[in-house]
Amino acid sequence: QVQLVESGGTLVQPGGSLRLSCVVSGFTFDHYAIGWFRQAPGKEREGVACIGSSDPNTYYRDSVKGRFTISGDIAKNTIYLQMNSLKPEDTAVYYCAADPDTWTTYSYCTGYVSPTNWGQGTQVTVSS
């Protein structure tokens with residue numbers, strides 16, 4: 001059974017930085033698609049950044065390019081999302097998702113395929 005637990009969300013001022021973590025258990029990293037998603041109040045959930053074992057391209061949505069970085073530490077079974085230059089519009093609940101599949105990062109992040117394993121989410125609020 002795959003389990004994901006996010007942490008690191010908090011209140012931060014505009015222009016600040018945060019690093020979110022997602023610990024993944026019950027999952028081997030032989031073949032995978034992993035991503036960070038977010039959902040703001042009144043809006044649909046959207047893909048933020050995704051990586052995949054079969055795809056050399058990392059997907060970032062346009063609004064976070066140059067500010068956010070997704071990375072992983074397989075030895076710690078942990079995925080990170082480094083968020084810099086945060087803006088009020090980044091305020092949302094952030095979720096990580098992981099599947100033992102070989103989806104492209106674009107497919108995984110844009111809704112072409114639906115992730116099946118989700119964490120409980122962590123709240124990020126960007127406000128002065």
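**Figure 1. Overview of the protein chain in a predicted model.** Of the 128 residues of the protein chain, 45% count as buried, and the coordinates shown here come from a prediction. The chain contains 1 helix and 10 strands, and, when these elements are read along the sequence, they follow the pattern β-β-β-β-β-β-β-β-β-α-β. The radius of gyration is 14 Å, close to the 14 Å that the globule rule gives for 128 residues, so the chain is as compact as a globular protein of that length. Taken along the principal axes, the box filled by the C-alpha atoms is roughly 40 × 25 × 25 Å. About 6,600 Å² of the protein chain is exposed, and carbon and sulfur atoms supply 47% of this area. Among contacts between residues at least 6 apart in sequence, 61% join residues at least 24 apart.

**Figure 2. The open sheet of 6 strands.** The strands of this sheet lie in the order S2-S10-S9-S4-S5-S6, and their pairing is mixed. At the edges stand S2 and strand S6 (55-60), each of which has a single partner strand, so one side of each is left without a neighbour in the sheet. Within the sheet, strand S4 (residues 33-39) and strand S5 (residues 46-52) pair in the antiparallel sense over 6 bridges, and in this pairing Trp-36 stands opposite Ala-49 in S5.

**Figure 3. A closer view of strand S10 (residues 122-126) and the strands that pair with it.** Strand S2 (residues 11-12) pairs with S10 in the parallel sense over 2 bridges, and here Val-12 is found opposite Val-126 in S10. Strand S9 (residues 92-99), by contrast, pairs with S10 in the antiparallel sense over 3 bridges, with Tyr-94 opposite Thr-122 in S10. The two faces of S10 can also be told apart, since Thr-122, Val-124 and Val-126 make up a covered face, while Gln-123 and Thr-125 make up an uncovered one.

**Figure 4. The open sheet of 4 strands.** In this sheet the order of the strands is S1-S3-S8-S7, and the pairing is antiparallel. Strand S1 (3-7) and strand S7 (68-73) stand at the edges with a single partner strand each, so one side of each has no neighbour in the sheet. On average, and with direction ignored, neighbouring strands of this sheet are turned by 15° against each other. Strand S3 (residues 18-25) and strand S8 (residues 78-83) pair in the antiparallel sense over 6 bridges, and one residue pair to look for in this view is Leu-20 with its bridge partner in S8, Leu-81.

**Figure 5. The surroundings of Thr-105 in helix H1.** Thr-105 belongs to helix H1, which covers residues 105-110. Because a residue counts as buried when its relative accessible area is under 20%, Thr-105, at 3% relative accessibility, is placed in the buried class. A polar atom of the Thr-105 side chain lies 2.9 Å from the backbone oxygen of Asn-57. If its neighbours within four places in sequence are left aside, Thr-105 is in contact with Cys-50, Ile-51, Gly-52, Asp-55, Asn-57, Thr-58 and Tyr-59, so that Asn-57, whose backbone oxygen was named above, appears in this view among the contacts of Thr-105 as well.

Methods. Residues numbered from 1 in each chain as written. Predicted model: local features only at pLDDT ≥ 70, side-chain atom pairs only at ≥ 80, totals over all residues. Heavy atoms only, no water. Buried < 20%, exposed > 50% of the residue type's maximum accessible area, 1.4 Å probe, protein only. Polar contact = N/O pair within 3.5 Å; in protein donor to acceptor, adjacent residues only side chain to side chain. Contact = heavy atoms within 4.5 Å. Pairing = 2+ DSSP bridges. Axes fitted to C-alpha atoms, helices over the stretch in contact; angles between N-to-C directions. Rg over C-alpha atoms; globule rule 2.2 N^0.38 Å. Areas by Shrake-Rupley, 256 points an atom, 1.4 Å probe, with all protein chains shown as cover.
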